[in-house]
Amino acid sequence: MSEKQEEPVVLEQPSGMVGYVCRTLMGLEPLVSSELEALGAIDVVPGRRSVSFFISEEGLYRFLQTSRFAVRVLRPVFRFKANGPDDMYAKAVKLDWGMWVDPRRSLALDVTVNSPEFPHDQFAMFRLKDAMSDHYQARSNGNGGVHLDINRMEPEQLVHLHIAGEDVTISLDLIGKDALFKRGYRAPRARAPLNEVLTAGLLGLAGWKPGQTLVDPMCGSGTFSIEAGLWTAGVPIHAGRNAWTLYGMPQFNSDLWREVSESARAESISRAPILASDWNKHPVGDARESVRTAGLEHLVRVEVADFLDLKPPRGVEPGLIVLNPPYGQRVHADDLDNLYGGIGGALKHRWTGWRAGLLFPKELEAQHRIGLKPSVKHTVMNGPLSCTWALYDLYKGKRVDHLYGDAKSDSATEVENKVEPEGETVRFRRPRVQGASED
Ligand SMILES: C[S@@+](CC[C@H](N)C(=O)[O-])C[C@H]1O[C@@H](n2cnc3c(N)ncnc32)[C@H](O)[C@@H]1O
């Protein structure tokens with residue numbers, strides 16, 4: 001070709017470290033950054049739902065096998081400007097695709113477009129596919145041509161096209177069709193479970209660490225307890241995953257990958273109080289099944305119990321209690337007020353000395369019934385729903401005494417935003433949750 005080729009992205013440091021982008025969920029960028037820095041990554045720059053970084057090959061493999069907070073990891077390989085699909089085609093056809101994509105292996109493309117120059121994202125993707133196909137065709141020298149093997153279900157290689165304005169970035173996705181939140185333990189029947197990456201992130205944002213007590217009293221399918229259990233067990237979280245598009249990359253070093261996976265087991269803690277419960281026996285059954293699938297029966301106990309009757313476990317250090325209560329789709333508004341009021345009352349009266357994390361939609365009216373002041377609030381997305389992850393320190397005494405280390409250990413729990421005193425018994429009218437069994 002006589003025309004100048006587009007340059008590949010220069011994403012390699014003199015140290016040999018290579019540049020990548022990790023995609024994550026909103027609010028979890030600092031957690032991803034800490035994971036990366038612990039693995040020796042440099043130039044770690046958090047963005048919006050993403051973190052860019054440079055890392056050694058070994059560090060990258062370790063990150064891929066152990067990251068709790070990553071959703072995808074991309075390696076940008078080409079970056080150029082284009083003022084529309086045809087311009088992009090003309091530039092993409094001249095790229096050195098052979099360095100990155102093997103035309104004999106199956107392939108899928110995905111696309112994110114935010115540009116008036118590219119009004120139809122699927123069309124942009126088809127033009128890129130045409131460019132790749134024509135590129136290989138031109139290089140086949142009449143030897144029968146090259147037919148790209150597009151396989152959307154189980155691609156061996158995944159090319160990601162990102163267009164913002166006129167900036168086109170083409171990256172290789174190292175993960176594959178299933179993002180990293182698919183951990184493989186979920187019982188198929190689980191209803192409205194939390195995303196696994198989000199759940200691990202909520203634990204991280206709450207400052208929970210393996211070995212600390214975790215109580216998950218509205219456990220549903222048990223995501224909090226299972227994520228905490230896997231963390232405690234020191235299992236590389238993605239050890240069971242065997243389809244990585246990374247394997248299809250020409251630079252993939254299988255010996256190093258194996259070495260890293262053999263050494264990736266963190267120190268495991270064989271006993272930790274992780275207690276899951278729900279008042280409905282159906283999710284309890286699902287949670288038990290998932291705990292079994294994850295191999296965590298020795299670490300996670302799952303029971304049927306109403307949170308409002310639940311007392312903190314005896315003989316353990318107070319730790320973190322996490323609640324992801326129902327928020328309205330199947331609960332009447334009055335009952336939601338009672339539910340959230342009941343939760344606030346129970347936390348205040350029974351769980352002194354614990355830290356509590358509550359996840360609820362930002363706009364939920366009933367949150368005002370909790371009657372406790374969070375020490376920290378994080379905004380996260382639970383699917384399309386903007387939610388608050390509110391953390392409460394349920395200390396004894398007044399907040400000001402707690403902050404300045406002068407709490408009276410024998411005083412009753414006294415929270416500045418008053419919850420009416422109810423004595424020992426937390427009175428609460430149970431909400432009518434359709435389909436919930438109350439045994
Ligand atoms: C939104 S779901 C939790 C989903 C869970 N985080 C997961 O990942 O599967 C809320 C759960 O709270 C339970 N629940 C509601 N009120 C309860 C109560 N008073 N005591 C115990 N569980 C309750 C429901 O049965 C339901 O399983």
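**A buried helix beside a mixed sheet**

In this predicted model, the buried residues of helix 6 pack against a varied set of neighbours: helix 5, helix 8, and strands 8, 9, 10 and 11, the last of these spanning residues 320-323. Helix 6 itself covers residues 223-233, and eleven of its eleven residues are buried, so the helix is largely enclosed by the rest of the structure. Among these buried residues are Phe224, Ile226, Leu230 and Trp231, together with Glu227. Just after the helix comes Gly234, which has a positive phi near 70°.

The sheet is a good place to look next. Its seven strands follow the order 10-9-8-11-12-14-13, with mixed pairing, and the sheet is open. Strand 10 (300-304) and strand 13 (376-382) form its edges, each pairing on one side only. On average, neighbouring strands are turned by 20° against each other, direction ignored. Within the sheet, strand 8 (residues 214-216) and strand 9 (residues 274-278) run parallel and are joined by three bridges; here Leu214 stands opposite Ile274.

Two helices can be placed against these strands. Helix 8 (residues 281-293) packs on the sheet, where it touches strands 9 and 10, and its direction makes about 165° with that of strand 10. Helix 5 (residues 196-205) lies across strand 12 (355-361), strand 13 and strand 14 (385-393), running at about 175° to strand 13.

Finally, there is the ligand. Of the 20 residues around it, Met218, Gly220, Ser221, Thr223 and Phe307 come nearest. Thr223 is also one of the buried residues of helix 6. The shell around the ligand is made up of 13 nonpolar, five polar and two charged residues.

Note on methods: Residues are numbered from 1 along each chain as its sequence is written. This is a predicted model: local features need pLDDT of at least 70, side-chain atom pairs count only at pLDDT 80 or more; totals for chains, interfaces and linings use all residues. Two strands pair if DSSP finds at least two bridges between them. Helices (H or I, at least four residues) and strands (E, at least two) are DSSP runs, numbered from the N terminus. Axes are lines fitted to C-alpha atoms, for helices over the stretch in contact, and angles run from 0 to 180 degrees between N-to-C directions. Two residues are in contact if their C-beta atoms, placed from the backbone, lie within 7 Å. A residue is near a molecule or strand if its C-beta atom, placed from the backbone, lies within 6 Å of it. Ala, Val, Leu, Ile, Met, Phe, Trp, Tyr, Cys and Pro count as nonpolar, Asp, Glu, Lys and Arg as charged, and the others, Gly among them, as polar. A residue is buried if 20 or more other C-beta atoms lie within 10 Å of its own, exposed if 12 or fewer, and partly exposed in between; C-beta atoms are placed from the backbone.
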